[in-house]
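Me: I am new to this one. Please show it to me, and then I will ask how each label is earned.

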Amino acid sequence: MPLLINGERIDLARPTGDMIRAYPHLEEKAKLLRSQPAQIVEPKGLLYVQQREFAVTTPKDGSVSILGSDDATTCHIVVLRHTGSGATCLTHCDGSDTEAEVSLIMSSVKSFSNTTAYGSTCFATSQSYIAAIVVAVGAFDLQPDDVHLVTFCVTELNDREEKDIHFPIIYGIAVNVKTAEIFPATFPEKGPDEDLRSAHVLTGATLTNIYDAKMEQLHIGPYFWRPFPHVDFWLEQDDKQILQNLSTSPLAEPPHFVSHIRSTLTFLKEHPFPSRSLFPDRKPRIYKKNEEGLWEQVCSDKI
């Protein structure tokens, strides 16, 4: 079944701008969303999703109440919610394999319900790469179940211009899995295992489910990669070179982008063979929320 707006199938032949103007309520919802100040989401009850990751949970989850992600410039942050079960997915996609990724998150949400997955989606991205938006919308349109597009904060609806340079207004999104509220957000803590997860992405990861909602456990890995090419060379480069060569939007990245990349490269240098240094037993790192609502690593014999 198709991707729907107000019960009508979207005309994919129509340019993105024309589609936005054909449904004024989408523009109004995007204006309302981007007018909200970004909330600082603390680690308690948070499950932070990095690029090329996704997580799904339900309102019954006793550990996680917020899913969130940020640092999206040319990427898409997508929220998909089953209106029957309340199962909610948040993913941070970069267009590497959009059709397969959409099918994966749809099936993951549907696994929590026996009924058809009528969902709502929210995209947050920059003004760039309209073609990527078209591909993402088309991928949802190919799904066997109805998906209702409720919030669409993309391209011109999430763009500000300063000295002829385009920036996203919203870099990060969070969703309350209990209430389905979506809001702009920033995240002081992006762990656990932030560098490890970033290294997984930088070495060519595919979209990965990081959460077991039934066990309320975060699973990281096992991840494997070959030594990162020319890692010493990249670590010697100045900030401008890293921005120009390791970013898809060098003029619009958040201030911490370069330090984040340097930290990830250093991690890759320290762990050229993760099968030896990080995952010798070929088992994931498993975390559960403790009594303070923070992630705490658990041993396999405690699971």
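Reply: The chain exposes about 14,200 Å². Carbon and sulfur atoms supply 51% of that area. Accessible areas come from the Shrake-Rupley method with a 1.4 Å probe, and for residues only the protein chains shown count as cover. The model is predicted: local features need pLDDT of at least 70, side-chain atom pairs count only at pLDDT 80 or more, and totals for chains, interfaces and linings use all residues. Residues are numbered from 1 along each chain as its sequence is written, and side-chain values use heavy atoms, with hydrogens and water left out.

Me: What makes the chain as compact as a globular protein of its length?

Reply: First, its elements: 9 helices and 19 strands. These are DSSP runs, numbered from the N terminus (helices are H or I, at least four residues; strands are E, at least two). The radius of gyration is 19 Å, close to the 19 Å from the globule rule for 303 residues, so the chain is as compact as a globular protein of that length. The radius is taken over C-alpha atoms, and the rule is 2.2 Å times the number of residues to the power 0.38. Those C-alpha atoms fill a box of roughly 55 × 50 × 35 Å along the principal axes.

Me: Why is Asp145 called buried, and Lys110 partly exposed?

Reply: Buried means under 20% relative accessible area, exposed over 50%, and partly exposed in between (1.4 Å probe, protein chains only). Asp145 has 11%, so Asp145 is buried. Lys110 has 28%, so Lys110 is partly exposed. Across the chain, 50% of the 303 residues count as buried.

Me: How do you know that Asp145 and Lys110 form a salt bridge?

Reply: The rule asks for a side-chain nitrogen of Lys or Arg within 4 Å of a carboxyl oxygen of Asp or Glu. Here the N to O distance is 2.6 Å, and the pair qualifies. Asp145 lies in the loop between α4 (130-141) and β10 (147-153) and Lys110 in helix α3 (residues 98-110), so the bridge ties together parts 35 residues apart in sequence.

Me: How many salt bridges does this rule give?

Reply: The count comes to 12. Among them is Asp239 with Arg262, at 3.0 Å from N to O. Asp239 sits in helix α7 (residues 239-246) and Arg262 in helix α8 (residues 257-270), so this pair ties together parts 23 residues apart in sequence. Asp239 is partly exposed at 42%, and Arg262 is partly exposed at 21%. Arg160 and Glu162 also meet in a salt bridge, at 2.9 Å. Asp18, Arg21 and Glu156 are linked in a network of salt bridges.

Me: Why does Glu101 have no salt bridge?

Reply: Glu101 is found in helix α3. The nearest side chain of opposite charge is Arg52, 5.7 Å away. The limit is 4 Å, so that pair does not count. Glu101 is buried all the same. Leaving aside neighbours within four places in sequence, Glu101 is in contact (heavy atoms within 4.5 Å) with Cys93, Ser96 and Leu207.

Me: What covers the buried residues of α5?

Reply: The cover includes β4 (46-48), β5 (53-57), β15 (208-209), β17 (217-220), α8 and β18 (285-289). Helix α5 spans residues 194-202, and its buried residues are Leu196, Arg197, Ser198, Ala199, His200 and Val201. Just after α5, Gly204 takes a positive phi of about 95 degrees.

How values were computed
Lys and Arg count as positive and Asp and Glu as negative; His and the chain ends are not counted.
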